[in-house]
Amino acid sequence: MQRFPKILISSLLFFSLGSTVFILAQENQDTSSVETHSSNVDITITGEADDQLLDHLTKNLKMDSEEEIDVDEAIKGTSQYIDMDQFKKRYLNIPYTDTENERQQLDIVYPKIGNPPHKTIVALHGGGWSSGDRKSASLKTLQMATQQGYVVINVGYRLTDEAKWPAQLHDVKAAIRFIRANAKQYRLDTRNIVVWGNSAGGHLASMLAATNGREEMEDLSMGNSNASSEVQGVVSWFGISDITKLPDNSINIANKLMGYNVRENAEDAKIASPINYVTKDFPPIYMIHGTNDRIVPFEQSVEFAKKINNITGKKQASLKLHINAGHGDNNIRNTTNVDETLNFIDKIMYTDRKNPYRVKRYKEIRTTTEKSS
């Protein structure tokens, strides 16, 4: 029996293991003289959904809004940076290829607890491939993994003002190869690497996974050609899976990435969409998306999850939806989602036991207006 995506959502629908219950509130009485009030209800729903149920849920959760949105401002994100001084042990501004380009560098942040070699999470920033920074405060929630025994490596990559696709993929693959080639020096356990990205970073994380083992998708001249760039797990928060199916207000970020109109050249643009590279070997992936995301519609994650699980024939993709949440919403960037994401990562990193370094409390990651040098 074929299995399908696991869905975690909040709504007025309940489903579990193939059974569906619709909860409807109906009043047959005359309410013309009765004052009524509406309120929101917090409901968490967990279970398995087949394609038909998932399509039904997606249709009903879709948000329609005519409100204008400044996409450039939205993807640019915060002007704050992670205060790197709060981390007792870290290595900053390490080139992962033979250039002096600061975008082709990475920062290694070590955990407060745990013994080396440390299990490794690679973090990729968002910004529509045209903005963003590996030190940006937009990645602050990901740094909480260092409180749970993980090394977090924040990786930069060239943006669209400097290079077009596939430079961004070449960069992050070169970074993974560098990390593996230098694992002993930095005391890292790189047998299993999970890559975690937001927005455009989620797209690149998914591309890394989708192109595992495909040498033609790498630029081995960037160094460490004997090391593997394969990743064993993916986390994508409000990530892009198909660059040709972005809405009108955000399609231009994909045009800038490719250097041409991706809708008019959709066949050529397929090379930059992870949904087109899914195979039976796709690794586990955990996605979180808001249903009111008007920059990257949540349907992208729904369709991606469906395709991954249908092709692999197992529950490789899990999806959590946040009702009414927009792109990069603070309701997504919270400790609950960090904790659930780390539960997913633990299953990849600790296959025969529990993560011994997990603690219940998370400390806030400090930010600053000054970028650490």
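# Briefing: cores, cis prolines and a helix pair

Leave out neighbours up to four places away in sequence, and Leu 106 touches Tyr 91, Leu 92, Asn 93, Ile 94, Tyr 96, Arg 134, Ile 153, Asn 154, Val 155, Ala 175, Phe 178 and Ile 179. Keep in mind that this is a predicted model. Leu 106 is also one of the residues with the most contacts inside the largest nonpolar core, which has 71 residues.

**Cores**

- Alongside Leu 106, the residues with the most contacts inside that 71-residue core are Leu 124, Val 155 and Ile 243.
- Val 155 turns up twice here: it is among the residues that Leu 106 touches, and it is on the list of residues with the most contacts in the core.
- A separate core of 30 residues lies apart from the largest one, and includes Ile 288, Leu 342, Phe 344 and Met 349.
- As a rule of thumb, nonpolar side chains in soluble globular proteins tend to be buried together.

**The chain as a whole**

- The protein chain comes to 9 helices and 14 strands.
- It has 373 residues, and 54% of them count as buried.
- Take the contacts between residues at least 6 apart in sequence: 79% of these join residues at least 24 apart.
- The accessible surface adds up to about 18,000 Å², and carbon and sulfur atoms account for 45% of that.

**Helices H1 and H8**

- How do the axes of H1 and H8 cross? Helix H1 (residues 51-61) and helix H8 (residues 299-312) have axes that come within 11 Å and cross at roughly 175°.
- Angles over 145 degrees count as roughly antiparallel, so H1 is roughly antiparallel to H8.
- On the H1 side, the contact is made by Asp 51, Leu 54, Asp 55 and Thr 58.
- On the H8 side, the contact residues are Glu 299, Val 302, Glu 303, Lys 306 and Asn 310.
- Sorted by type, the residues of this contact split into 5 charged, 2 polar and 2 nonpolar.

**Cis peptide bonds**

- Going from Pro 116 to Pro 117, the peptide bond is cis, with omega near 0°.
- Pro 117 sits in the loop between strand E7 (105-109) and strand E8 (118-124).
- Another cis bond runs from Trp 165 to Pro 166, with omega near 15°.
- Pro 166 is in the loop that lies between strand E9 (151-155) and helix H3 (167-181).

**Positive phi outside glycine**

- Asn 224 is not a glycine, yet its phi is positive, at about 55°.
- You'll find Asn 224 in the loop between helix H5 (200-210) and strand E11 (233-237), where it is partly exposed with a relative accessible area of 30%.
- Phe 238 isn't a glycine either, and its phi is positive too, at about 45°.
- Phe 238 belongs to the loop between E11 and helix H6 (251-258).
- Is Phe 238 buried or exposed? Phe 238 has a relative accessible area of 1%, and the cut-off for buried is under 20%, so Phe 238 is buried.

**A buried threonine in a loop**

- Thr 146 has its place in the loop between E8 and E9.
- Despite the loop location, Thr 146 is buried, with a relative accessible area of 1%.
- Leaving out residues up to four places away in sequence, Thr 146 touches Phe 87, Val 109, Tyr 110, Pro 111, Lys 112 and Val 152.

How values were computed
Residues numbered from 1 in each chain as written. Predicted model: local features only at pLDDT ≥ 70, side-chain atom pairs only at ≥ 80, totals over all residues. Heavy atoms only, no water. Axes fitted to C-alpha atoms, helices over the stretch in contact; angles between N-to-C directions. Helix = DSSP H or I, 4+ residues; strand = E, 2+ residues; numbered from the N terminus. Parallel < 35°, antiparallel > 145°, perpendicular 65-115°, else oblique. Contact = heavy atoms within 4.5 Å. Nonpolar A, V, L, I, M, F, W, Y, C, P; charged D, E, K, R; others polar. Buried < 20%, exposed > 50% of the residue type's maximum accessible area, 1.4 Å probe, protein only. Core = buried A, V, L, I, M, F, W, Y, C linked by side-chain atoms within 4.5 Å. Areas by Shrake-Rupley, 256 points an atom, 1.4 Å probe, with all protein chains shown as cover.
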